[in-house]
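The report that follows describes a two-chain complex, beginning with confidence and then moving from each chain to the contact between them. Please keep the sequence and the coordinates in view while reading.

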Amino acid sequence: MINLREQIELDLAESIEGEWKMPVELTSPDGVQQILNKNDPTELLGGQVLYFTSRENPVTGETMIVNNPVITLRISSLDRVPQPGEKWYIKIPISPVSGAPKVRFLFSADRTTESGTDIGFIRIYPQKIEAEDEPTS
Amino acid sequence: MTMMFRTVKTALVTTLDGESESRFTVLGRQVQSKSPDEIIGGLVQVYFADGAFPKSGRMRGTKSQEITIEIDMQVSATAKGDISVLDSATSTPAEKAAALLAVREASEVADGLIDALIDNVWNILMDKRNETLGLDKPDIASRWIDRIQKDTLLERGDLVVKTANMKYTCRVQESVSGDLGNTPETSTIDTIVTAGDTEGAGVEVENY
């Protein structure tokens, strides 16, 4: 018989990797890309992606809805777990529509204040990344 | 006649806008909130904030006003990196690792951008050629940038926003305009001569 904590971890396969799963591609700081799920290598790596979050405008105090994706991944599905201080590259679909193109983000686990290691998931707050401007001579 | 602080604010906006050469946007008012996407190049908001009239023995004639004009600056930024290497299917893990290591985080990029914006605005305003902001010499005197302050980093969605503030002070002479009065309607002088193309126009002379 497994304990409750183990059961919660197993349930993540349904709750964040179930029918609402969104595929993500991770590139670790050592340059290794992960696109398949470690628990089931026949499946793409994926998790829950929430595109909009509510924030408080620090100037006016009003609540605003901002485009700020938050990604939740099951730790046991990852080849390597992001650690504070590391820079990771992640690609997620631009919208929840099937076949949507992927957009690029950078994230660091520093921002993951509630790393969720006790119940088996990690929450990622990505930051938009763009190409360096072309040097002008 | 409008008060001088309004003239100075308009002249400040015009000077900054003209000298910016499209490197940043200048607004002559304080906007409540702005999407970070719209301030990528830098946004400068100019507005009158404070005026003081030191009382002197002379109570008639022009009044000297020490004015403070706030200059709010905002930039937003994304992280910057070598996307082509990170996205390439042929890049080796070592190449991707090096590219990730070289990525500049958004906070670092934003800090550099706001420093550059402060540099630009300060240099435009303190330039000797812009001392009077295009106004006549006696209208504006003793212009100065009192202080520059950088604020904390704000996270707005997947971008970060950095703000800074500059206080521009100067002395102007205000004169009382008297009654507010009212604006008269524009008068129109109709000079159209109702004559056909072939008939000509002129004075018709009749001989009696």
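In chain B, 63% of the contacts with a separation of 6 or more are made by residues 24 or more positions apart. The coordinates behind this figure belong to a predicted model, for which the predictor gives the complex an ipTM of 0.78 and a pTM of 0.73. Chain B averages a pLDDT of 83, and 85% of its residues score at least 70. Within chain B, confidence is lowest in strand β1 (residues 25-27), where the mean is 85, and highest in helix α4 (residues 106-126), where the value is 92. Where pLDDT is low, the predicted coordinates should not be read in detail.

**The two chains in outline**

The table sets out the composition of each chain.

| Chain | Helices and strands | Residues | Buried |
|---|---|---|---|
| Chain A | one helix, nine strands | 137 residues | 27% |
| Chain B | four helices, six strands | 208 residues | 28% |

Read from the N terminus, chain A runs α-β-β-β-β-β-β-β-β-β, while the elements of chain B follow the order α-β-β-β-β-α-α-α-β-β. In chain A, 51% of the contacts between residues at least 6 apart in sequence join residues at least 24 apart.

**Chain A: an open sheet**

Chain A holds an open sheet of four strands, in the order β1-β4-β5-β8, with antiparallel pairing. Its edge strands are β1 (22-23) and β8 (121-124) of chain A, each of which pairs on one side only. Strand β5 (residues 63-74) of chain A runs antiparallel to β8(A) and is joined to it by four bridges; as an example of the register, A:T72 has A:R123 in β8(A) as its bridge partner.

One residue of this sheet can be followed more closely. A:L50 lies in strand β4 (residues 46-56) of chain A, and, leaving aside residues up to four places away in sequence, A:L50 touches A:P69 and A:V70. Is A:L50 buried or exposed? With 13 other C-beta atoms within 10 Å, A:L50 is partly exposed, because that class lies between the limit of 12 or fewer for exposed residues and the limit of 20 or more for buried ones. The C-alpha atom of A:L50 is separated by 15 Å from that of A:K102, which is 52 residues away along the chain.

**Chain B: long strands and a helix with a buried side**

Strand β6 (residues 159-174) of chain B is joined to strand β3 (residues 63-77) of chain B by 15 bridges, and the two run antiparallel; here B:I69 has B:Y168 in β6(B) as its bridge partner. Strand β5 (residues 140-156) of chain B is also antiparallel to β6(B), through twelve bridges, and B:L154 stands opposite B:V161 in β6(B). The hairpin of β5(B) and β6(B) has two residues between the strands, and in this hairpin B:G157 takes a positive phi near 65°.

Helix α3 (residues 93-101) of chain B has the buried residues B:K96, B:A99 and B:L100. These residues lie on the same side of α3(B), because they cover an arc of only 100° around the axis. An α-helix has 3.6 residues a turn, so residues three or four places apart point the same way. The face turned away from the buried side of α3(B) carries the exposed residues B:A94 and B:L101. The cover over the buried residues of α3(B) draws on both chains, and includes β2 (25-27) and β6 (87-93) of chain A together with β4 (79-81) and α2 (83-87) of chain B.

**Where the chains meet**

Across the interface, 25 residues of chain A are in contact with 22 residues of chain B. On the side of chain A that touches chain B, β5, β6, β7 (102-108) and β9 (127-131) of chain A each supply at least two residues, and the largest share, five residues, comes from β9(A). By class, this side of chain A has twelve nonpolar, seven polar and six charged residues.

Strand β9(A) also takes part in strand pairing between the chains, since β9(A) and β4(B) pair in the parallel sense over three bridges. Within this pairing, the bridge partner of A:I129 in β4(B) is B:A79. Strands of a sheet pair through backbone hydrogen bonds, either parallel or antiparallel. Strand β4(B) is thus named twice in this account, as a partner of β9(A) and as part of what covers the buried residues of α3(B).

Methods. Residues are numbered from 1 along each chain as its sequence is written. Chains are lettered from A and ligands numbered from 1 in the order in which they are written. This is a predicted model: local features need pLDDT of at least 70, side-chain atom pairs count only at pLDDT 80 or more; totals for chains, interfaces and linings use all residues. Two residues are in contact if their C-beta atoms, placed from the backbone, lie within 7 Å. pLDDT is the predictor's confidence in each residue, from 0 to 100. The arc is that of the directions from the helix axis to the C-beta atoms. Two strands pair if DSSP finds at least two bridges between them. Ala, Val, Leu, Ile, Met, Phe, Trp, Tyr, Cys and Pro count as nonpolar, Asp, Glu, Lys and Arg as charged, and the others, Gly among them, as polar.
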